[in-house]
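Student: I would like a close look at a single part of this model, taken slowly enough that I can follow it on the screen. Could you walk me through how its strands pair, and then set some helix packing beside it?

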Amino acid sequence: MSTTAQANATLKREAWGRLRKLPSGRWQVRYPGPDGKTYTARTDDDKPLTFVTKTDARTWLASLQTRMARGLWEPPEVTAARLRAEVAAETARSMGFEEYSQRWLKMIRDEPNRQGKQRAVGTIRSYKGKVIGYLIPEFGDTPLREINVERIKKMTDRLDRIPAPLNPKSKFNGITRPVLVVLMMILRQAAREGLISSVPDISVPKQKSVRHDADHDSGDDVATPVQVEALYAAVPDKWAIAILLAAWCQLRRGECLGLQRRDIEWRDDGGATLHVRRQLNANTGGYTTLKTEAGQRSLSIPRLMLVRLRQHLDTYVASEPNAPVLPTDAKGSVPLSNTRWGYLWMDARDDVQGLPHRFRFHDLRHTGLTIFAQEGATLAELMRRGGHADIHIVLRYQHATMSRDRELADRMSDRVAASIAQAEGDPAD
């Protein structure tokens, strides 16, 4: 008998589908699918499926015909892909916190935020510190779906008991809230990816002051002009201009250290304009863009510091346009680091009497903006001057603008009253 005849002898046509006996003695099934294609029996993971006996093959074929009649059939490769996806999803849902948090850190480092911008190195480093320092020790390999309200509250209670490094007597340690914020960011992303059904119903507490008690008034953090002068005198000459830039141009520390000669534009009338274009990053030690577009701004430099600024540029700043205004060495090309400035600031602060409790370099900026507000600046003008993107931050100066508003209202009242009194005192025509 020929090979073709032998093959035909082993091929059995059923009422629906075909059975074929293989040289191995096992049986193979072929059948027509609803899509018009002919398929060979395969396993759920899309591998060849054969049967020991002809009865087994017929039984499988009959069950398949029943599934088709009920509309439950799908091509073998589709079934395999679906099952693989289900297994992967189940594996992901069982993923431990440590594994997922590392994946999350990589995501925020590599992918842009919702505004399409890459996250700052300092931001990523801060998040990583919370994950490595607090969250992984707390949750470890705990599956994401087991991190519930009770587990989070236990963590919160433990964190709350940590003394505040800045002020051990404070009721708030400045640790719990930022750690909780990062945890909720991770869990929200896990929910978006379908790894957990929902985010635990935890409300993140509002930011509380660590330096001061709850009844502290931010107006108490303002230095007097005389104290600003004393700070200027306490800092070594080649870096003292930073005090005036922070107080009277309302610059942040990184903005001061990031200034270059080309950022100061001298006008024909003898005045000058300051362009804030970059900052010196405390984490990388290099220049970086400002966090928000509002931070990029141009400011009029107050007359009271123009002479000192020009003297500083002539004495300590190199002539190149990109020379740092606050160099490490006179006429140098390397900007003063955040760390070194921190030591200089603490020494200067300790030499000045009467400063507000725990007075920071950043409070000089607050001092300048408060006085700016007292001169009648609107909240919009304060936002532009300070480079603020959030009006809620600037509302702290509302008490100063209201003080100015009351002064103007009283002046208006006196003028109106005087006008009325004058009119009433004039004899009738």
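Tutor: What follows takes the strand pairings around β3 and then turns to two helix pairs.

Please keep in mind throughout that this is a predicted model. Strand β3 covers residues 27-32, and strand β2, at residues 18-21, pairs with β3 in the antiparallel sense over four bridges. Within that pairing, Arg20 has Gln28 of β3 as its bridge partner. The two strands form a hairpin with five residues between them, and in the turn Gly25 has a positive phi of about 95 degrees.

Strand β4, at residues 38-40, also pairs with β3 in the antiparallel sense, here over three bridges. Pro32 has Thr38 in β4 as its bridge partner. β3 and β4 form a hairpin as well, with five residues between them, and the glycine in this turn, Gly36, has a positive phi of about 90 degrees.

A further partner of β3 is strand β5, at residues 50-51, which pairs with β3 in the antiparallel sense over two bridges. The residue to look for here is Gln28, whose bridge partner in β5 is Thr50, while Gln28 is also the bridge partner of Arg20. When you inspect side chains along these strands, it may help to recall a general point: in a regular strand, side chains alternate between the two faces of the sheet.

Turning to the helices, α6 (residues 149-160) and α7 (residues 176-192) pack at an angle of about 155 degrees, with their axes 10 Å apart. Because an angle over 145 degrees counts as roughly antiparallel, α6 is roughly antiparallel to α7. Their crossing is right-handed. On the α6 side the contact is made by Ile152, Met155, Thr156, Leu159 and Asp160, and on the α7 side by Thr176, Val179, Leu180, Leu183, Met184 and Leu187. Sorted by class, this contact has eight nonpolar, two polar and one charged residues.

The other helix pair is α13 (residues 362-374) and α14 (residues 379-386), whose axes come within 10 Å and cross at roughly 150 degrees. That angle makes α13 roughly antiparallel to α14, and the crossing of these two helices is right-handed. Here Arg365, Leu369, Phe372 and Ala373 of α13 meet Glu381, Leu382, Arg385 and Gly386 of α14. By class, the contact of α13 with α14 has four nonpolar, one polar and three charged residues.

Key: Residues numbered from 1 in each chain as written. Predicted model: local features only at pLDDT ≥ 70, side-chain atom pairs only at ≥ 80, totals over all residues. Heavy atoms only, no water. Pairing = 2+ DSSP bridges. Axes fitted to C-alpha atoms, helices over the stretch in contact; angles between N-to-C directions. Parallel < 35°, antiparallel > 145°, perpendicular 65-115°, else oblique. Left-handed = near helix turned anticlockwise from the far one by under 90°. Contact = heavy atoms within 4.5 Å. Nonpolar A, V, L, I, M, F, W, Y, C, P; charged D, E, K, R; others polar.
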